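Visitor: Can you show me the model we're going through today?

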Amino acid sequence: MHRVLLARPDDYDGWREAARGLVSAGIPPQAVSFEVAGEEVGLFGDDAPLPEGSRDIRVPKAFPGLAKRVALHSDPERYALLYAMLWKLQSNRDALSDRADPLVVRLDRLAKEVGRDAHKMHAFVRFRELEEEGGTTRMVAWFEPDHHITRAEAGFFIRRFPNMRWSILTPETCIHWDGEQLAETPGATRADAPDGDPVEATWKTYYKSIFNPARVKVKAMTAEMPRKYWKNMPETALIPELLAGAQKRESEMIETSLSRRETVPAVPKTRPTNVEAAWAQLREEAGACTACDLHCNATQTVFGEGPLDPMLMLVGEQPGDAEDLAGKPFVGPAGQLLDEALAEAGVDRSRAYVTNAVKHFKYQLRGKRRIHQSPNAGEITACNWWLKQERELVVPPVTVALGATAGRALFGKPVTIGKLRDSPRQLPDGSTAFLTVHPSYLLRLPDRVRAEEERARFVEDLKRARRFAETS
């Protein structure tokens, strides 16, 4: 058995030198053990001498970076795992690309855990001022890493605080910067670090004042910042106390909000007094729109249509073949189905303003047929200005987004119909919207039974929007 004794837990250089010699000598992983000075277990009896490297060892570019990160982990098997990977790479240069290999999966996990620990060190180290002999001051912080990252992350703090004298104390090792050189000392205890400074009292008062219990998500917070770091930062040391009184404070906030609503009447958003003239001008300007390339092949711009004080605004994806030729929205097969569904839902079509997220027909020619193509994100964005102008003039109390493209245009981000379909949603402008399928989706369903079920659900979505509009 060949035993490799490394100088310290993060001795990547020592591991690399020994591993090169072992691999070049043909020593398999099962014949090698790696130990750290001071942590020897001594279970393998006499040690065979370590061979010296006789040839260069070639590895993929990704391996050294992975190995340096894994070497910082606290897993006692990390160096043996790295050597097993190095051995495998000699016969298979692409071994690191095999995402199904348990060894690759484990090494990736170790590297990610080290990365998260480094991120926490960057985020949660808090320096406190300490007066030294001779009248000088030093900023001192206490941190408890999960892995051996202290030396490796010293460079981050040197770059961040190059002109400050600072020390970071950890249980394993302590690092000290005097503005020119970095020094190390053995590990310390929490008692060796200062408790606080005068500035923290002001900071705690401020943090208490901005703490919002209604927005606290303890599970999400502890996932990003485990409780063990709370006591080391002035603001997070207050969290247990603030959480204990969160329910009472949340109730007080609600009562205050309700009282303000009673005393200060809401000012409803109103449409312009010259809405008819403004809408006619907007439609004329849209007819000459060249914001994207769709105008090059479309017959004409298809603008919205309907009353300017509607009960509902219906927003579809884009005009189809029939709409492109007629210059009117929802006059083709999908429009006919929409009319029927609106009637079943008790919605008077004359009380609905209908429009599309994109105003030009996008299609692909197949012989003489023009086959519909969904607009991309750039085309939706380019046309969104017109939709916003329509909404500012019409000011619909309730909007119904017909399909994912309309939902994306209205919400400003991709949406999933299945997740948002059954309840009202608030749009960025504060108004209410419902999300459902586009009627063309119902026309494409091959299964008759399912098509009937989906059509009934579509009608129910329109009923829900109508009821909300009638009571709002």
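Visitor: How much space lies in the second largest pocket?
Guide: This is a predicted model, where local features need pLDDT of at least 70 and side-chain atom pairs 80 or more, while totals for chains, interfaces and linings use all residues. Numbering starts from 1 along each chain as its sequence is written, and side-chain values use heavy atoms, without hydrogens or water. The second largest pocket (an open set of points on a 1 Å grid over the protein atoms alone, for a 1.4 Å probe, with protein on both sides within 12 Å along at least five of seven lines) holds about 370 Å³, the space filled by probe spheres on points joined across faces, edges and corners.

Visitor: Which residues are closest to its centre?
Guide: Asn384, Lys388, Ala409, Leu410 and Gly412, out of 19 lining residues (an atom within 4 Å of a point).

Visitor: Which element gives the largest share of that lining?
Guide: Helix 13, with eight residues. Helices are DSSP runs of H or I, at least four residues, and strands are runs of E, at least two, numbered from the N terminus.

Visitor: Now the sheet. What order do the strands take?
Guide: The five strands of this open sheet run 9-8-12-14-13, with mixed pairing (at least two DSSP bridges per pair).

Visitor: Why is one side of strand 9 left without a neighbour?
Guide: Strand 9 (352-356) is at an edge with a single partner strand, so one side has no neighbour in the sheet; strand 13 (425-426) stands at an edge likewise.

Visitor: How many bridges join strand 8 to strand 12?
Guide: Four, between residues 312-316 and 398-402, and the two strands run parallel. Leu312 sits opposite Val398 of strand 12.
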